[in-house]
Amino acid sequence: MSSRAWEALKQHHAEVKDVHLRELFAKDEGRGTRFAVEACGLYVDFSKQRITSRTLELLFSLAAERALGQRIEAMFKGERINITEDRAVLHVALRAPKTATISVDGVNVVPQVHAVLGRMGEFAERVRSGRWLGYTGKRIKNVVNIGIGGSDLGPVMAYEALRAYTQRDLTFRFVSNVDGTDLAEATRDLDAAETLFIVASKTFTTQETMMNAASARAWSLASLKDDASVAKHFVAVSTNEAEVKKFGIDPANMFGFWDWVGGRYSMESAIGLSTMLAVGPSGFAQLLQGFHTMDEHFRSTPFEKNLPVLMGLLGVWNSDFFGAHTLAVLPYDQYLKRFPAYLQQLTMESNGKRVTLGGADVKAGTGAVYWGEPGTNGQHSFYQLIHQGTRLVPCDFVGFMKSHNPLGNHHDVLMANLFAQGEALAFGKTAEQVRAEGVAEKLVPHRTFPGNRPSTTILAERLDPATLGTLVALYEHATYTQSVIWDINAFDQWGVELGKVLAKRIGSELEATDPKLEHDSSTNALVKRYRSRRG
């Protein structure tokens, strides 16, 4: 990673690494607002990051050196920036307005996108209104989404996040794990005559998804008895019409998407059919508008005020210069309980890479480990390590001015905790302050908080569909920004393939009567032990 800008940042880090946030705030009374940016309905406070104005100048120089502006344009223009799969990367086209022109190989793909959205909208209205009836004539009351990875994490996160906007007489469940328990528990209390399954697999061959789909089909037929019922209780999000028809799904109820849509960037494509069923076509349109607003901001705003660029660069600063290996995402809103899990795939599958675009070893740390839980729950579990542990854990706090459930002063208490945690992490409590409280000397070290723990606070008015789209796009583009800095491909995921290949091989060995095992001694022993005890 050695370059003029990188070396300048290393020298700068040596100069500021021991400067405490207490000192930075004491020297600059306006720091709290000077290092904050408001855009796209978000107010983002970076002031508690361990930065100075000079830090940002050098980070922007690094971005310029890596041609970030040109790389952003390359994505929006449909260039094949996913070089290992020779594909364009155009999730931004999924939320572009009808009047936009975004081309792949000379073809404007926006009309195709809106054609699928139109079909999704018509279908969603039929189900939501009760006009779509099951095989026995009953109204659909339950929707079960079957997918995995990007076909599950985005839809389930969006459903939980937007539950306040969902049609409450519809029940939504999500099945992803090949563990039979997932499907069994999701369907245990449902009536097959009132249940619609969405099978989400682009190729309609994904092992976990298709195994769950086959079991869901058997569960449904055990009650409905007739193969013809499948067409009324199953729809597909796929591009493999032959396999969809073979399964028993009417191709008219197949909703497709394209090679330039990566799985972890697909929640606003047909993969979001469950989301549209939950919040309606209008709510889904608002979600897309939120995404598009952040897309335009990312594409056109100077780096100094560009939220995804700032967040991405600060992530590089914390990871590669301060040695922070993780990032805690801490939403102070229960509706966002699945947001950290969604971000894990988005960021870690994207930037968990060890070689550059040219195939050389990366000379810097890439891909922080994302994790987190909603506040205030996390305060009573892992915040201890963040405050007084030996590891530096940067934090993103996410909060909202208004609650959908204003019970008494609950929301004030929630937000007071959000603001307090950022302050405590930044400034801590000195030994002198502890002693001034009359604490016994032997307890002073235990009651001292070092502070100087960096955090960013993101505030919005309310968690609604548009805001959710804006938040997700913020992290999408911050992730891409980091990949450009590290010169890696954020849009492939070859790392998930080896385990899949080995699992298929071992699966056949588990079914064989007397398999010949040629793995390592540990794997051989584990397979033999399982075979002898699986009952």
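A crossing of two helices is called left-handed if the near helix is turned anticlockwise from the far one by less than a right angle, and right-handed if it is turned clockwise. In this predicted model, the crossing of helices H5 and H19 is right-handed, and that pair of helices is a convenient place to begin.

Helix H5 covers residues 68-76 and helix H19 covers residues 465-486; their axes come within 10 Å and cross at roughly 125 degrees. An angle of that kind makes H5 oblique to H19. On the side of H5, the residues that take part in the contact are Leu68, Arg71, Ile72 and Met75, and they meet His477, Tyr480, Thr481 and Val484 of H19. Sorted by class, the residues of this contact comprise five nonpolar, two polar and one charged.

Helix H5 also has a contact with helix H12, which spans residues 273-300, and here the two axes come within 9 Å and cross at roughly 140 degrees. Angles over 145 degrees would count as roughly antiparallel and those from 65 to 115 as roughly perpendicular, and H5 and H12 are therefore oblique to each other. Ile72, Glu73, Met75 and Phe76 are the residues that H5 brings to this contact, while H12 brings Asp295, Phe298 and Arg299. The classes in the contact of H5 with H12 are four nonpolar, no polar and three charged residues. Ile72 and Met75 of H5 appear in the contact with H19 and also in the contact with H12.

From the helices we can turn to the sheets. Strands of a sheet pair through backbone hydrogen bonds, and they do so either parallel or antiparallel. One open sheet in the model is built of five strands in the order S6-S5-S7-S8-S9, and its pairing is parallel. Strand S6, at residues 171-175, and strand S9, at residues 254-255, stand at the edges with a single partner strand each, so one side of each is left without a neighbour in the sheet. Within this sheet, strand S5 (residues 142-146) and strand S7 (residues 195-200) run parallel and are joined by five bridges, and in one of the pairings asparagine 145 has isoleucine 198 of S7 as its bridge partner. Helix H9, made of residues 207-224, lies across S5, S6, S7 and strand S8 (234-237), and it runs at about 160 degrees to S7.

Which residues does tryptophan 132 touch, apart from its neighbours within four places in sequence? This residue lies in the loop between helix H6 (110-129) and S5, and its contacts are Phe123, Arg126, Val127, Ile140, Leu196, Ala231, Lys232 and Asn253. With a relative accessibility of 3%, tryptophan 132 counts as buried, because the cut-off for that term is under 20%. Its C-alpha atom is separated by 9.9 Å from that of histidine 233, although the two residues are 101 places apart along the chain.

Another strand to follow is S13, at residues 455-460, which is mostly covered, with six of its six residues buried. Ser455, Thr457 and Leu459 point one way from S13, Thr456, Ile458 and Ala460 point the other way, and all are buried. Strand S2 (residues 42-45) runs antiparallel to S13 and is joined to it by four bridges, whereas strand S12 (residues 395-400) runs parallel to S13 and is joined to it by six bridges. Isoleucine 458 has a place in both pairings, for it is the bridge partner of valine 44 and also stands opposite valine 398.

A few details of the backbone and of single residues complete the tour. Most residues other than glycine have a negative phi, and most peptide bonds are trans. Against that background, asparagine 452 has a phi near 60 degrees, a positive value in a residue other than glycine; it is found in the loop between helix H18 (444-447) and S13, and it is buried, with a relative accessible area of 9%. Aspartate 487 likewise has a positive phi, of about 60 degrees, and is found in the loop between H19 and helix H20 (497-511), but it is partly exposed, with a relative accessible area of 33%. The peptide bond from glycine 375 to threonine 376 is cis, with omega near 10 degrees, and threonine 376 lies in the loop between strand S11 (369-371) and helix H15 (383-388).

Notes:
Residues numbered from 1 in each chain as written. Predicted model: local features only at pLDDT ≥ 70, side-chain atom pairs only at ≥ 80, totals over all residues. Heavy atoms only, no water. Pairing = 2+ DSSP bridges. Helix = DSSP H or I, 4+ residues; strand = E, 2+ residues; numbered from the N terminus. Contact = heavy atoms within 4.5 Å. Axes fitted to C-alpha atoms, helices over the stretch in contact; angles between N-to-C directions. Buried < 20%, exposed > 50% of the residue type's maximum accessible area, 1.4 Å probe, protein only. Parallel < 35°, antiparallel > 145°, perpendicular 65-115°, else oblique. Nonpolar A, V, L, I, M, F, W, Y, C, P; charged D, E, K, R; others polar.
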